[in-house]
Amino acid sequence: MKKPSNTLPQAPVDDRPPEVLADLEFGKLTSKEYLYVAKHPENEPYIKSIEDEPPLFIYISTYLSYLILIIIGHIRDFFGKIFKPQEYSHLVEQNGYAPWYDGFESFYERRMKNRIDDCFARPIYGAPGRFIHCFDRKKVGKSEYEYPGTTSECLNLSSYNYLGFGQSKGVCTTHALKSIDDYGTSGCSPRAGAGTTDLHLDCEALIADFVGQEDAILISQGYGTNGFVFPSIADPKTLVISDELNHASIRFGIRVSGAQVKVCKHNDMKDLEKVIRNAIAQGQPKTHRPWNKIIIAVEGLYSMEGNLCDLREVVRLKEKYKCYLFLDEAHSIGAIGPNGRGVCDYFGIDPKKIDILMGTLTKSFGATGGYISGSKEIMKRIRLSYATNSYGESVPPAVLAQIISSMKVIKGDINPGEGLERLQRIAFNSRYLRLGLKRLGFIVYGADDSPVIPLLLFLPAKMPAVSRMLYDMGIAIVITAYPATPIVSGRVRLCVSSALTKEDLDDTLRKFNEIGDLVFLKFSSGRAGGSKVKGKPPRWSIEDVLAHNVEDCKKPNLGEMP
Amino acid sequence: MSESEYIFTTTKTTTAIATTTLPPTLDSITSTLSDTFVHYLNYLGKLPGGDYLLWYIKASYKDDPIRSLFELMLFIFGVRYFLMSKRKENKSELVKFSQREIDELIDDWNPTELVEPVNDTEDWQLKSIPQIEGPNGPKVKLMNLTKGENVLNFAINDFLNLSRNETIRHKAKDIISTTGVGACSAPNFYGTQEVHVRLEEDISSFMHTDNSIIYGQDFITSTSVLPAFVKRGDLCVVDSGVNLAIQKALVVSRCDISWYNHNDMNHLESVLKELKPGLDKQKQIQRRFIVTEGIFDNTGELVNLPELVKLKNQYKYRVFLDETNSIGVLGDFGRGVTEHFGIDNKEIEIIVGSMAKSFGSSGGFCTGTKQMIHHQRLSSLAYVFSASLPPYSAKVTSTAIEEILHQKNGKSIIVSQLQHLISYTFKNLLTHLKSSPFIEIVNDSSSPTIHLALKNEYRESIGLPQYYGNVEFVRTGKRAKFNNELDEHYLLENFILQKIIDEVLKSKNILLTRSKALLEHENLPIRRPRLLVLVNIGLTENDVDSLITGFNDIINDICTSIKTPNDLTTLRNEMINY
């Protein structure tokens with residue numbers, strides 16, 4: 001028995017045979033039945049996903065929980081400042097210096113998040129594939145950890161490893177390793193300086209072709225992509241209409257650009273139309289001059305809600321009102337659509353109708369960075385005036401090699417058939433897990449085909465409970481709460497991957513079933529589907545769920561099945 | 001039969017309705033109303049504390065019915081106010097339109113293009129970006145411009161030539177073959193790999209600080225770190241030559257800004273002195289920062305840190321120092337300006353730097369006290385909302401630090417090699433260009449990036465302005481309302497530099513670069529565009545010599561052909577036909 005230490009121990013060497021390790025990163029498909037092609041049926045209306053609500057007492061107890069947490073936090077702060085001033089020294093002025101951050105600002109972090117700190121940022125080693133390897137740790141004191149030296153192998157429902165390219169074996173790794181030999185480890189210079197190599201150009205051409213646009217530009221970080229693209233397309237005479245649940249990077253980018261912004265309700269097309277109409281009619285504030293242009297900024301797949309945007313309607317509105325459309329496909333590119341080309345592919349819309357398609361390569365492609373794509377003329381201007389292109393680093397070679405090879409696998413240029421299998425596996429897995437959870441009685445949000453499955457917990461105390469119990473059972477999940485979500489709806493966010501097998505998902509369902517009973521999570525009303533008898537809340541037994549799930553999850557519209 | 005029955009029932013119901021809806025008197029209405037009201041009011045008594053409320057309402061009604069009415073109105077107003085949306089815009093400014101009027105306005109509205117098309121005078125900037133076939137490094141093969149192999153590359157930021165280092169590549173491959181390329185997750189979820197933790201430890205021990213945090217991109221680091229600490233009402237005293245990332249960070253943080261002249265410590269002192277009385281009056285001290293860079297990206301000058309630290313301690317400011325260009329370059333072990341001046345790193349509160357330059361990796365980092373770093377893990381947007389750095393890049397940086405720490409005579413071998421080459425290049429270039437009437441070296445001798453700019457007298461003689469852009473930000477602390485417009489003179493001056501670059505490439509097979517500041521995004525005025533010579537240790541003194549021999553002649557040839565403002569017209573045509 002090793003002595004617990006305060007520093008992170010070395011990762012153990014895994015000496016299991018390579019086939020076993022490869023299977024732990026990407027599980028083999030166990031039956032051809034576990035595949036599905038996800039595409040929105042043509043000519044059928046967009047189905048808005050229903051957000052089920054829990055009984056009223058859940059809401060009340062959630063608010064009460066937060067109230068108690070806040071009151072106790074303030075009481076502790078009050079007495080703590082009197083009796084243990086040294087522990088609060090960082091929150092008060094010290095020899096003429098203001099504190100780094102004030103107590104009020106950090107209250108949420110100190111008094112709430114800190115209590116469940118062990119559920120976040122668990123250090124890991126190895127590829128974030130089907131299984132993820134975490135270092136066990138124990139919290140000692142306020143913010144220190146003790147590491148006993150052991151590790152846990154957990155089923156990975158947490159990484160954005162949608163298509164399972166988070167691998168350290170296989171064709172993509174071979175390409176990445178070769179690129180290190182051929183090109184080195186760094187991009188060496190900004191793109192506009194001397195950082196453009198043939199690998200960058202090839203990769204950009206491939207991305208443009210993949211997403212169905214004329215040209216694309218690569219940026220070394222997803223957040224940075226959004227963060228600095230808006231100044232190139234929007235100025236203070238531009239209005240950006242942004243969905244209220246847009247990612248922080250989009251909001252940051254708009255702030256940097258100085259453009260005016262109006263927020264529309266999440267995925268609410270009526271509200272969007274109203275906002276557009278009013279904006280055009282009213283013009284700019286004070287002067288009432290007409291806007292130079294209006295840009296609608298939406299995401300393809302919302303990462304906290306699992307909703308797909310109503311793209312057909314957005315495109316219709318954009319064309320009707322002469323607006324421009326910025327579509328962030330950070331989560332949807334690769335993961336959504338019969339060919340993995342994102343929401344355009346899924347809804348059967350010509351990508352050229354969208355002015356600017358943005359996406360990240362971190363998620364489905366197992367690489368890092370982001371891209372912006374659009375028509376030749378638009379991209380020419382963006383290439384010229386993109387701040388990151390002139391001032392920031394260029395994408396390093398191994399990342400380029402990973403993007404190129406994984407994209408070619410999806411397209412079928414490398415290992416034909418593999419890409420298609422990955423796409424159909426994630427589509428099946430998403431529906432399978434979603435329907436299973438709904439039938440067991442959990443409240444889950446989001447579209448049927450979304451690989452992001454938020455499972456609602458509501459009560460803050462349930463978050464660490466679920467996270468720790470599942471960790472002990474060997475499942476790694478992500479819990480999110482305020483400020484990423486509204487304060488009442490704390491949730492588990494499950495990210496489904498192609499790397500998981502149907503058996504893994506069965507195992508997940510069994511464990512969730514157990515936990516759902518234990519901490520009382522099954523309170524769905526059946527409004528969002530999953531009921532056995534129409535009108536009654538779904539409370540299937542786990543045996544029943546597993547017996548019918550394979551065929552049932554392939555039926556259209558999971559939300560409406562009796 | 002059934003029909004008559006139907007008729008019968010209908011008549012019956014109509015009469016029934018008729019009897020109940022007889023026109024009632026006003027009295028009966030009031031009595032029913034008050035009856036039902038009192039009936040419901042009695043329910044109130046069943047609530048805890050309702051008894052008292054009931055008694056209060058009754059008593060107040062008995063004493064003064066008007067007061068009750070007033071209280072009711074107040075209550076309704078309160079509810080309405082509470083339910084009203086908080087983000088409601090100022091209604092008084094809005095004009096009321098009917099739907100038809102809106103439709104007409106929409107028909108009338110002609111938006112501009114999403115982006116302005118790139119015009120003839122700008123296009124050359126894209127064409128002049130060099131494209132490299134195969135690996136980037138000290139010697140490259142060019143695919144465009146003047147095609148050629150073994151082009152000496154004086155244009156890359158890999159100052160220590162670590163990108164192709166054998167040990168580093170080996171370690172990077174080890175990590176890729178155990179963890180893959182991407183981290184696939186945000187650091188606060190499951191994106192913190194062992195190598196990330198190790199790198200944070202390595203940077204802290206290298207920089208002699210408590211703790212460190214790493215970011216996925218270098219350019220975003222300052223833009224994300226600064227707003228995590230500086231909020232509305234806080235004060236930043238900023239050097240007026242800072243890079244774009246810091247400019248944007250200041251804009252985003254909405255703090256108060258005071259500027260001091262670029263690297264002018266006397267001016268800094270007078271600014272601090274001037275601010276002091278106002279700050280002393282603050283009941284609660286607000287955060288104050290002095291924001292500057294180690295080696296300035298825009299000018300290549302070295303910050304006067306000893307003086308700055310003295311002032312900072314005297315006036316009790318914290319320092320935000322961007323060491324993007326100085327890490328791995330200055331000091332015996334490349335620890336940056338602090339080591340260069342022999343200043344304890346603890347004196348500088350926030351140090352940020354890039355791992356994509358000297359370290360031959362990618363990403364950025366911030367280092368300092370534990371508390372400061374810990375706060376970023378939840379409050380720095382680019383850390384919280386983006387995926388971790390690829391694990392192999394973290395390993396590359398860790399190994400690069402090891403490489404830097406290989407020492408001889410108490411100095412890092414490779415860093416002193418770089419410093420030697422920098423001073424060799426700087427000295428020789430300085431002597432070589434001493435007599436040039438057209439161009440001069442404008443940076444500090446320790447910068448790995450040598451900045452050359454057209455001399456002011458020459459610029460004046462061909463009618464180039466003193467500076468480009470606007471001074472709004474420096475003057476008011478708020479950025480200019482609109483972006484800078486396209487400035488043809490700015491393009492022309494850059495084009496002169498590009499001509500030199502092209503000629504050097506053609507006649508010497510050497511690649512140089514120039515500053516590529518984007519005028520439309522810069523909030524600070526741009527003084528002069530720069531021709532940049534970037535030194536890296538993959539090059540030798542001989543390579544530097546071959547750059548210098550005849551360099552002046554090339555510049556003379558090009559600049560003598562442009563002597564008067566009229567020559568700019570010919571230059572413009574050349575630019576269009578590039």
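**Domains, enclosed space and aromatic contacts in a predicted model**

In chain B, the centres of domain 1 and domain 3, taken over C-alpha atoms, are separated by 61 Å. The structure is a predicted model, and the assignment for chain B gives domain 1 as residues 25-87, domain 2 as the two segments 120-153 and 411-576, and domain 3 as residues 166-405.

Empty space inside the model can be considered next. Rolling a probe the size of a water molecule over the atoms shows where empty space is left. A search of the whole structure returns 10 cavities of 30 Å³ or more, and the largest cavity has a volume of about 150 Å³. Its lining consists of 18 residues, and those that lie nearest the centre of the largest cavity are Lys248(B), Arg479(B), Asn483(B), Glu520(B) and Asn523(B). Sorted by class, the lining of the largest cavity comprises 6 nonpolar, 7 polar and 5 charged residues.

The second largest cavity, with a volume of about 130 Å³, has a lining that includes Tyr391(A) from chain A together with residues of chain B, among them Asp218(B), Phe219(B), Ser222(B), Asp297(B), Asp322(B) and Lys357(B). Helix 9 of chain B, residues 218-229, supplies the largest share of this lining, with 3 residues. The classes in the lining of the second largest cavity are 3 nonpolar, 3 polar and 4 charged residues.

From the cavities one may turn to the pockets, where the second largest pocket holds about 1600 Å³ of space. This pocket is lined by 45 residues, of which Asp117(A), Ser143(A), Glu144(A), Lys370(B) and His374(B) are the closest to its centre. On the side of chain A, helix 3 (107-111) and strand 4 (144-146) each supply at least two residues of the lining, and on the side of chain B the same holds for helix 8 (194-207), strand 4 (211-215) and helix 14 (370-379). Helix 14 of chain B gives the most to the lining of the second largest pocket, namely 5 residues. By class, the lining of this pocket divides into 13 nonpolar, 15 polar and 17 charged residues.

Aromatic contacts form another theme. A pair of aromatic rings is described by the distance of the centres and the angle of the planes. Over all chains, the search finds 28 aromatic pairs, and one of them joins Phe458(A) and Phe523(A) in a tilted arrangement, with 5.8 Å from centre to centre and 55 degrees between the planes. Phe458(A) belongs to strand 13 (residues 452-458) of chain A, whereas Phe523(A) lies in the loop between helix 16 (502-519) and helix 17 (542-552) of chain A, so the pair ties together parts that are 65 residues apart in sequence. Both Phe458(A) and Phe523(A) are buried.

Phe523(A) also pairs with Phe520(A): the ring centres are 5.7 Å apart and the planes stand at 75 degrees, so this pair is edge-to-face. Phe523(A) counts as buried because its relative accessibility is 3%, whereas Phe520(A), at 41% relative accessibility, counts as partly exposed. These three residues belong to one aromatic cluster, formed by Phe57(A), Tyr59(A), Phe458(A), Phe520(A) and Phe523(A).

Rings also meet charged side chains in this model. In chain A, Lys363(A) lies over the face of Tyr160(A), at 5.2 Å from the ring centre, while in chain B the charged end of Arg288(B) sits over the ring of Tyr317(B), at 5.9 Å from its centre.

Some individual residues of chain A complete the picture. Leu155(A) is placed in strand 5 (residues 151-156) of chain A and counts as buried, at 3% relative accessibility. Its C-alpha atom is separated by 6.2 Å from that of Arg130(A), although Leu155(A) and Arg130(A) are 25 residues apart along the chain.

Backbone angles draw attention to Cys188(A) and Lys322(A). Cys188(A), a residue other than glycine, has a positive phi, near 70 degrees, and lies in the loop between helix 4 (171-183) and helix 5 (198-211) of chain A. At 2% relative accessibility, Cys188(A) counts as buried. Lys322(A), likewise a residue other than glycine, has a positive phi near 60 degrees, and its place is in the loop between helix 9 (311-320) and strand 10 (324-328) of chain A. Lys322(A) is partly exposed, with a relative accessible area of 28%.

Notes
Residues are numbered from 1 along each chain as its sequence is written. Chains are lettered from A and ligands numbered from 1 in the order in which they are written. This is a predicted model: local features need pLDDT of at least 70, side-chain atom pairs count only at pLDDT 80 or more; totals for chains, interfaces and linings use all residues. Side-chain values use heavy atoms; hydrogens and water are left out. On a 1 Å grid over the protein atoms alone, a cavity is a set of points where a 1.4 Å probe fits but cannot get out, and a pocket is an open set with protein on both sides within 12 Å along at least five of seven lines; lining residues have an atom within 4 Å of a point. Grid points are joined across faces, edges and corners, and a volume is the space filled by probe spheres set on the points. Ala, Val, Leu, Ile, Met, Phe, Trp, Tyr, Cys and Pro count as nonpolar, Asp, Glu, Lys and Arg as charged, and the others, Gly among them, as polar. Helices (H or I, at least four residues) and strands (E, at least two) are DSSP runs, numbered from the N terminus. Domain bounds come from an automatic or database domain assignment. Rings of Phe, Tyr and Trp (its six-membered ring) pair if their centres lie within 6.5 Å; planes under 30 degrees apart count as stacked, over 60 as edge-to-face and the rest as tilted. Buried means under 20% relative accessible area, exposed over 50%, partly exposed in between (1.4 Å probe, protein chains only). A charge sits over a ring if NZ of Lys or CZ of Arg is within 6 Å of the ring centre and within 35 degrees of the ring normal.
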